[in-house]
Protein chains: 2
Amino acid sequence: MQVLFLGTGAGMPSKQRNTSALALKLHEERGAIWLFDCGEAVQHQILETTIKPRKIEKIFITHMHGDHIFGLPGLLGSRSFQGGDVPLDLYGPKELKEYVETTLRLSRTHLTYPIRFHEVIEGVIFEDKTMTVEAGLLEHVIPTYGYRIKQKPLLPKLDMNKAMQLGVPKGPLLAKLKAGETVELEDGRNVKSSDVTEPAEPGFTVTILGDTQYCSKSEHLSKDADLVVHEATFDGETEKLAKDYGHSTILDAATVASRAQAQKLIVNHVSARFMPEHEKELLKNMRKVHEDSEIAHDFDEFDWVKKDRKMVKITGH
Amino acid sequence: MQVLFLGTGAGMPSKQRNTSALALKLHEERGAIWLFDCGEAVQHQILETTIKPRKIEKIFITHMHGDHIFGLPGLLGSRSFQGGDVPLDLYGPKELKEYVETTLRLSRTHLTYPIRFHEVIEGVIFEDKTMTVEAGLLEHVIPTYGYRIKQKPLLPKLDMNKAMQLGVPKGPLLAKLKAGETVELEDGRNVKSSDVTEPAEPGFTVTILGDTQYCSKSEHLSKDADLVVHEATFDGETEKLAKDYGHSTILDAATVASRAQAQKLIVNHVSARFMPEHEKELLKNMRKVHEDSEIAHDFDEFDWVKKDRKMVKITGH
Ligand SMILES: [Zn+2]
Ligand SMILES: [Zn+2]
């Protein structure tokens, strides 16, 4: 799993930062990509990456502000044009369906694949054998959701040496042991799954929050997460503005991550007010509250290193 | 007047070409900018130029395909955010109003300025003391307009030496002469405007066409124009495809310009199939049909040199 930031700015694009979009690359886990928010020109950003639009399986929209949705119609059209034929699942607030249907209808965009709309409500909004996604309502000027993406524990890993020592023959018995069952060998001995497997590793938890002021729901969704992506539209000096506009400061974000005992925090939705030369100072202040913190830039990518249970920056700034 | 290409590609953005948008810079003529089409990320392209969104006075949309309108909601929002308070005139097909109103409403974009919608029909759609805009219906798969922008003849230029020789005093009489009137001097002599002015220069005519297959309306709108901007989605080898999709080849465009006896032709809406290495060959073929021809690239800019009555490339490729 990798997390790739496609747009890390707030409100309007700037030369440094595009509006909100993030790719959760689940190639290894499910051969697919999930997107979170689609600010204008997300498809242009994707042109600079290895992402294939037809590999996008699900898109989660946090809220209906333009800087989070204006890139969606273009991306949907291009996914079609580039040979996408697999259904696309779209998750978001109630109005998302009207937005997508109206823009596609008026622009005569005929998709080669069906869209399945899922109106988001609080709670588990998706679950299959590998992943669970839970949504929670944050505190912004309009309904805005945060998403907690949890990978289910991986299958136990078979220790072939141990299995052979115990005389388990190659074939279906091995699959049963791997699936957690106890099997009986030809000579009547029983072999338990735990005799020949290493314990199942827990999966990762990534929490991706939409625009919000400091709130307890953010903390709840971020509990013990391996990565929290939290907005930071303002810095400490503009705390008053943050409250007025339903946004967070960089210290609000750090406080959420710290109280939730999350591992890494990456802040996005960063104001154009943050000058690159101030970043060091901002990072220092953030890290006093939550040590493992970063400020995201467009095209920063972080990789989940399973054995260390850590997100490690692999490209970008 | 300058013409600045902000997006010269067809259908989808590529690394080389963004989707359709063109700025007609009328700083000298009316202190304003007119845009023609707003493909996605036109506001991102504008960030790379000196254009101030609040200076955009009118936007003309040729047709409702996504590659011509998906950048409009974002641009309207940013014009507001950047202090635009002057009304904006929007010209386009009937459905444009629903598109703009729905996207702004659902994205909670509150503009600081009013939009005045003008549903385009064939004929003169705008006229004031400096400019006339005529619209004509082209031949594409959906209703698509071409626009002919005509600057009115400039005011006659006063020859101060001649005026003084004839004894015209400084003051209001000079203004009357400049406005074309005959005046009576204190000693009873009459002075005609033509005695003290150089003849009015004709203005420029620029024709900007939307997506279309070869059609006589294109020729009509382009008649004697100083500049024609015509689409060329296909080259000669893909002529059959052009007809099927309601588009033109590069030779169709050249034929229109030639038959209309237009001065310069610039083709845009160029397929990603056109490789830079083929451009020389394409240009050679075009110029056999219409000598003064160019293939537009993003950020190419052409300046109207009044005394030579010519569009001259000032930046770009
Ligand atoms: Zn936002
Ligand atoms: Zn087009």
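**Reading the contact between chain B and chain A**

Colleague: How many residue pairs are in polar contact across the interface of chain B and chain A?

Modeller: The rule finds ten such pairs across the interface of chain B and chain A, both residues being at pLDDT 80 or more, where a polar contact is a pair of N or O atoms within 3.5 Å, and within protein one must be able to donate a hydrogen and the other to accept it, while residues adjacent in sequence count only if both atoms are side-chain atoms. This is a predicted model, in which local features need pLDDT of at least 70 and side-chain atom pairs count only at pLDDT 80 or more, whereas totals for chains, interfaces and linings use all residues. Residues are numbered from 1 along each chain as its sequence is written, chains are lettered from A and ligands numbered from 1 in the order in which they are written, and side-chain values use heavy atoms, with hydrogens and water left out.

Colleague: What is the area buried between chain B and chain A?

Modeller: The size of an interface is often given as the accessible area lost when the parts come together. Here that area, taken with a 1.4 Å probe and summed over both parts, is about 2900 Å², and carbon and sulfur atoms give 63% of it.

Colleague: How many salt bridges are there between chain B and chain A?

Modeller: The count is four, a salt bridge being a side-chain nitrogen of Lys or Arg within 4 Å of a carboxyl oxygen of Asp or Glu. One of the pairs in a salt bridge is B:Arg105 with A:Glu98, whose closest N and O atoms are 2.7 Å apart.

Key
Buried area is the accessible area (1.4 Å probe) that two parts lose on being put together, summed over both.
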